[in-house]
Amino acid sequence: DDTGLKSIAARGVLKVDPQGPMSDQARTAVVAALGSDNSDIRHLAVRTLAEMDPSKQANPEVVEAFLAVMQDASPHVVGEVIGALASQGKRAVPRVVNGLQNEKTRPYAIKIATLLGPDAAEATPALIETLANSSNADEKRELQFALGAIGPAAQGAVPELTKSLSSDTPEIRYSAAYALAQIGPDAKTANASLVELVKSEDEFDKLAGIWALLKINPNNERVEAVAVPRLTKALTDHRSHIRMEAANALGEIGAEAKSATAALQQTTQDQDPNVADAAKAALAKIQGQ
């Protein structure tokens with residue numbers, strides 16, 4: 001009758017003989033433990049279910065139990081669920097793909113994919129399909145960050161991400177540019193759309209577009225020639241995050257951004273210490289230190 005002892009015993013059964021005659025009973029006991037008032041028991045149950053075989057974890061009873069604990073429990077328990085799944089690396093990908101199909105589990109599946117990064121490469125087609133069908137701006141933004149976290153292996157997402165560059169929602173444009181930058185040279189088909197983004201009146205659009213072009217076209221003298229004066233100007237923007245990102249981008253260009261040296265030296269006195277530090281780091285890179 002002791003829920004804690006029962007869940008520990010159930011975990012043992014599932015570890016030792018996951019397909020054995022007691023496995024269904026053990027799984028039921030672990031699911032029941034998710035509803036415990038004792039957070040330690042809930043955490044153990046979460047980890048046990050996260051470590052189960054994906055086909056078993058996708059059992060409707062288990063899915064509903066996970067949803068309940070993620071919606072009602074403390075943020076720490078939610079973090080435990082996401083962390084436990086993400087810690088499994090590539091083995092968690094089937095759960096990500098399954099989670100994307102369910103509107104309730106989708107936000108958690110996207111977070112897990114983002115944490116997995118390159119290990120979530122096999123989930124790319126499912127992420128692209130979800131992005132193409134989504135009408136939720138926040139969801140689209142997070143999907144694009146997940147694709148960016150996957151990096152070059154998410155090359156198949158380039159057409160859909162390119163469409164997002166013309167979105168009316170700033171966050172969707174920014175996250176699309178970020179994802180394209182993370183994909184890198186394999187995203188060259190987005191160059192024309194990124195150039196249009198650079199022409200925007202929105203300073204962050206310009207910065208995001210320039211940064212993506214630099215990442216997609218490394219050591220391209222034409223891109224660098226266009227980028228450096230725009231980034232130098234952005235060092236005086238009233239928004240600190242734009243000044244910081246401009247300094248970071250100039251640092252990544254390196255010696256070819258030497259014309260920005262004076263502006264960066266002035267930015268080392270910025271009232272925001274993060275901006276000042278970024279400017280100092282950029283100067284060091286430009287000067288080859």
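Helices (H or I, at least four residues) and strands (E, at least two) are DSSP runs, numbered from the N terminus. The model here is predicted, so local features need pLDDT of at least 70 and side-chain atom pairs count only at pLDDT 80 or more, while totals for chains, interfaces and linings use all residues. Residues are numbered from 1 along each chain as its sequence is written, and side-chain values use heavy atoms, with hydrogens and water left out.

**Exercise 1. Find Pro159 and decide whether it is buried or exposed.**

Step 1: go to helix H11, residues 158-164, where Pro159 is found.
Step 2: apply the cut-offs: buried is under 20% relative accessible area, exposed is over 50%, and partly exposed is in between (1.4 Å probe, protein chains only).
Step 3: Pro159 has 55% relative accessibility, so it counts as exposed.
Step 4: for a sense of reach, take Gln287, which is 128 residues away along the chain from Pro159; their C-alpha atoms are separated by 38 Å.

**Exercise 2. Sketch the whole chain in numbers.**

Step 1: count the elements, and you get 18 helices and 0 strands.
Step 2: box the C-alpha atoms along the principal axes, which gives roughly 75 × 35 × 30 Å.
Step 3: check burial: 51% of the 289 residues count as buried.
Step 4: look at contacts (heavy atoms within 4.5 Å). Among those with a separation of 6 or more, 59% come from residues 24 or more positions apart.
Step 5: turn to the surface, using accessible areas from the Shrake-Rupley method with a 1.4 Å probe, where for residues only the protein chains shown count as cover. The chain exposes about 14300 Å², and carbon and sulfur atoms supply 50% of that.
Step 6: finish with charge, taking Lys and Arg as positive and Asp and Glu as negative, with His and the chain ends not counted. Each charge is placed at NZ of Lys, CZ of Arg, CG of Asp or CD of Glu. The mean positions of the 29 positive and 37 negative charges are 3 Å apart.

**Exercise 3. Describe how H7 and H8 cross.**

Step 1: recall that two packed helices are described by the angle between their axes and the distance between the axes.
Step 2: fit the axes as lines to C-alpha atoms, for helices over the stretch in contact, with angles running from 0 to 180 degrees between N-to-C directions.
Step 3: for H7 (residues 93-100) and H8 (residues 106-116), the axes come within 8 Å and cross at roughly 145 degrees.
Step 4: list who makes the contact: Val93, Val96, Gly99 and Leu100 from H7, with Arg106, Ala109, Ile110, Ile112, Ala113 and Leu116 from H8.
Step 5: check burial in H8, where Arg106, Tyr108, Ala109, Ile110, Ile112, Ala113 and Leu116 are buried.
Step 6: just past the end of H8, Gly117 takes a positive phi of about 60 degrees.

**Exercise 4. Which residues does Trp211 contact beyond its neighbours within four places in sequence?**

Step 1: place Trp211 in helix H14.
Step 2: Trp211 counts as buried because its relative accessibility is 19%.
Step 3: its contacts, sequence neighbours aside, are Tyr178, Ala181, Gln182, Ala249 and Glu252.
Step 4: take Ala181 from that list: 30 residues from Trp211 in sequence, with 7.1 Å between the C-alpha atoms.

**Exercise 5. Work through two loop residues, Pro185 and Asn219.**

Step 1: Pro185 sits in the loop between helix H12 (170-183) and helix H13 (191-198), and at 43% relative accessibility it counts as partly exposed.
Step 2: not counting residues up to four places away in sequence, Pro185 touches Lys215, Ile216 and Pro218.
Step 3: Asn219 belongs to the loop between helix H14 (203-216) and helix H15 (221-234).
Step 4: Asn219 is not a glycine, yet it has a positive phi of about 60 degrees. Asn219 counts as exposed, at 69% relative accessibility.
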